[in-house]
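Reader: I am new to this structure and should like to learn how its features are read. Would you take me through them in turn?

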Amino acid sequence: MPRDASKKLLGCLLVVACSSTTKSAGTTDGGGPDVVAPTGDVALGTGGEPAGTGGRVGTGGATTIGTGGTRVIGTGGATTVGTGGTRVIGTGGATTVGTGGTRVPGTGGTPTIDAGGTAPATVASITKDGITWTFAQPVAAGQFVTGDYYIVGPATVSAIDPAPTSAAPYVNGSVLNLPTSNGKSGFDSRLNDGADQSWWFDASFRSYPPIALKAGDVLVSARSLATPSSLPRPMRSMDMNQSPVASYSVLTVLSAPAPADAFRPSYCDRTQTMHRASVVQRSLLPSLAPPNPSQTPTLAQFETWFRRPWIDTNAFLFDAPAEYMPSYGAQVAAAVGFAALTLTLDQPAADKVNLTNYLVQYGIDLFGCVKAGYGWPGFGGHRSGRKLPILFAGILIGDETMKNVSATYLDKFGEDTQTVYVNQIPGGYTKAWQGATVIYGGHYGVHADGTPMSTDPLYGPYEQLPPAEWPLSSSGSQLGESYRRCCTSLVWVGEALAMRLLKAEGVWNYPAFFDYVDRWMTEDDTQAIADVKAQSGFDYSAAWSRQRQTKGYFQGGFPQHSFVDDMWAKYR
């Protein structure tokens, strides 16, 4: 299967202030199995959020959170959290949080947090997924509903463990306030996808203790792998994840404690827009019978991957967290499509809470990055999968700005730039060479008005032409058709079906995407494949690259490889 072999990056497709860049040819893209998270910190339960929705500030020395959701914040120190969800703040001193999620009053000294719980506490250090931040002075800290930590600023990080290196090879990096101005990574210099990609690293973005933090800041810290490219990729375990980064932990700096059911603001959002889990309209999720139980994923499979932050501000995911996030956009699309479809099945509502929250959090993160100027327009298979989480979050939260993301921020998403009605592209065409009215938009795709992103025909629409006239790359490949069949169309099907089942086609606001996916899943391409071979010599007859299926892409790399096909057959 080919990899993005293009040698040019179209203009400023990355963030803001980008320059002319190159992308080296790589190896086959793939995925990987569930990876168990490191022990020693948050172990979330099946509930995932408090029963109540609000809170009121009191003047006494105790706080009680009951099942009704009323919070009274007093002036005491120590905290006890019982198994029934009640929090009592007394007058003690230090607090220690153990691995069982129970807070007990300490006997003095410096408190620490190392696992579980959301109650604010004064701490000297915080450990999250293998990263420990130590502070120059004790700080007030708490957790968002997804388990990520915040502190109330200002504060100073005096040490980070594992310590960031200050010379090559640069590992275990921390970066303040993503996205970076040029789209490059400051986390680990060992970027390589089969070719040296270290020029995508910029050491100037690294932060070293002491790090002064103020409200509005977000510190993202990486824990690097000892050996890069040593873990299988999620969704396609036959291939290794290209990233040298193992995991990320996010420390958010607020001006005041967050509500116990708050989602973490996006790591790209300096205004710190905050959403509440209590407003999530979980009843909007369908409850459908699984069409093939033996090929139905579990919620836990995706909870493992989505629990930790998906840091998504490097154009080619060279620094994706390898323990749980794919390092290729095609598998990002596959993961969010599979996860969203799994959430449409008839499982107990309480069991869906955590994965729903995690997917909403990913959408919040992505939307914050879009508002900061970032985007994922078409580039072969790299830029799919980011629109669905934003819309999923916007639909369930009821946030109109998120639901209107593609209308407000044009040309940001690969699924839309790479699908188009043939009569909307220049040239006066009414149908494609084989009769289709909706076509693949090409390697870089098209603008919202149908005009190609690039003036080079190699990177734009081509299906309006007979195969003998399709442009070829410098290596002699049909760049458009090879990527249409290997790395885009197949992974869009789960996303499109999930949006249909949520009755959200209108929210997606780009009909060509849905019509193109319908074409992929219904059009018999037997004659087309024969004609392409006869006219150009290229053979696309391999079963995994055929239309009317998706399972070939996942077979051998994901245990429930026919899940999307089964769901399509039953519900589309």
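Author: Let us begin with burial: a residue counts as buried when its relative accessible area is under 20%, and as exposed when that area is over 50%. The model is a predicted one. Of the 572 residues in its chain, 59% are buried by this criterion.

Reader: What does the secondary structure of the chain come to?

Author: The chain holds 13 helices and 17 strands. Among contacts with a separation of 6 or more, 67% are made by residues 24 or more positions apart.

Reader: How should a nonpolar core be read, and which residues touch the most other members of the largest one?

Author: In soluble globular proteins, nonpolar side chains tend to be buried together. Here the largest nonpolar core has 122 residues, and those touching the most other members are Val220, Met235, Phe302, Phe306, Trp310 and Phe392. Helix α8, residues 479–501, contributes the largest share of this core, with 13 residues. A second core, separate from that one, has 18 residues, including Ile131, Trp133, Ile211 and Leu251.

Reader: Which residues does Val220 touch, leaving out those up to four places away in sequence?

Author: Val220 touches Gly173, Ser174, Val175, Leu178, Phe187, Tyr248, Ser249, Val250, Tyr267 and Ile311.

Reader: How is a helix to be read? I have helix α3 in mind.

Author: An α-helix has 3.6 residues a turn, so residues three or four places apart point the same way. Helix α3 covers residues 349–371. At 1.5 Å a residue, its 23 residues should span 33 Å, and the end C-alpha atoms of α3 lie 32 Å apart, which agrees. A kink of about 30° is nevertheless present in α3, centred on Leu355. After the helix comes Gly373, which has a positive phi near 110°.

Reader: Is α3 mostly covered or mostly open, and is Asp365 buried or exposed?

Author: Helix α3 is mostly covered, as 19 of its 23 residues are buried. Asp365, which lies in this helix, has a relative accessible area of 2%, and therefore counts as buried. Beyond its neighbours within four places in sequence, Asp365 is in contact with Arg264, Pro265, Ser266 and Tyr267.

Reader: How do strands β8 and β9 run, and how many bridges join them?

Author: Strands β8 and β9 run antiparallel and are joined by seven bridges. One of the bridge partnerships is that of Lys128 with Ile131 in β9. Two residues lie between the strands of this hairpin, where Asp129 has a positive phi near 50°. Strand β8, residues 121–128, is mostly covered, with seven of its eight residues buried.

Reader: How are aromatic pairs read, and how many does the whole structure contain?

Author: A pair of aromatic rings is described by the distance of the centres and the angle of the planes. A search of the whole structure finds 32 such pairs. Phe316 and Phe318 form a tilted pair, with 5.7 Å from centre to centre and 40° between the planes. Phe316 is buried, at 0% relative accessibility, and Phe318 is buried at 1%.

Reader: Why is the pair of Tyr374 and Trp376 edge-to-face?

Author: The planes of Tyr374 and Trp376 stand at 65°, with the ring centres 5.2 Å apart, so the pair is edge-to-face; the cut-off for that class is over 60 degrees. Tyr374 is buried, at 1% relative accessibility, and Trp376 is likewise buried, with a relative accessible area of 1%.

Reader: Which residues do ring pairs link into a cluster?

Author: The cluster linked by ring pairs consists of Trp433, Tyr440, Tyr462, Trp470, Trp492, Trp508, Phe513, Phe514 and Tyr516.

Notes
Residues numbered from 1 in each chain as written. Predicted model: local features only at pLDDT ≥ 70, side-chain atom pairs only at ≥ 80, totals over all residues. Heavy atoms only, no water. Core = buried A, V, L, I, M, F, W, Y, C linked by side-chain atoms within 4.5 Å. Buried < 20%, exposed > 50% of the residue type's maximum accessible area, 1.4 Å probe, protein only. Helix = DSSP H or I, 4+ residues; strand = E, 2+ residues; numbered from the N terminus. Contact = heavy atoms within 4.5 Å. Expected span 1.5 Å × (residues − 1). Bend = angle between axes of the 7 residues up to and from the residue. Pairing = 2+ DSSP bridges. Phe/Tyr/Trp six-rings, centres within 6.5 Å; stacked < 30°, edge-to-face > 60°.
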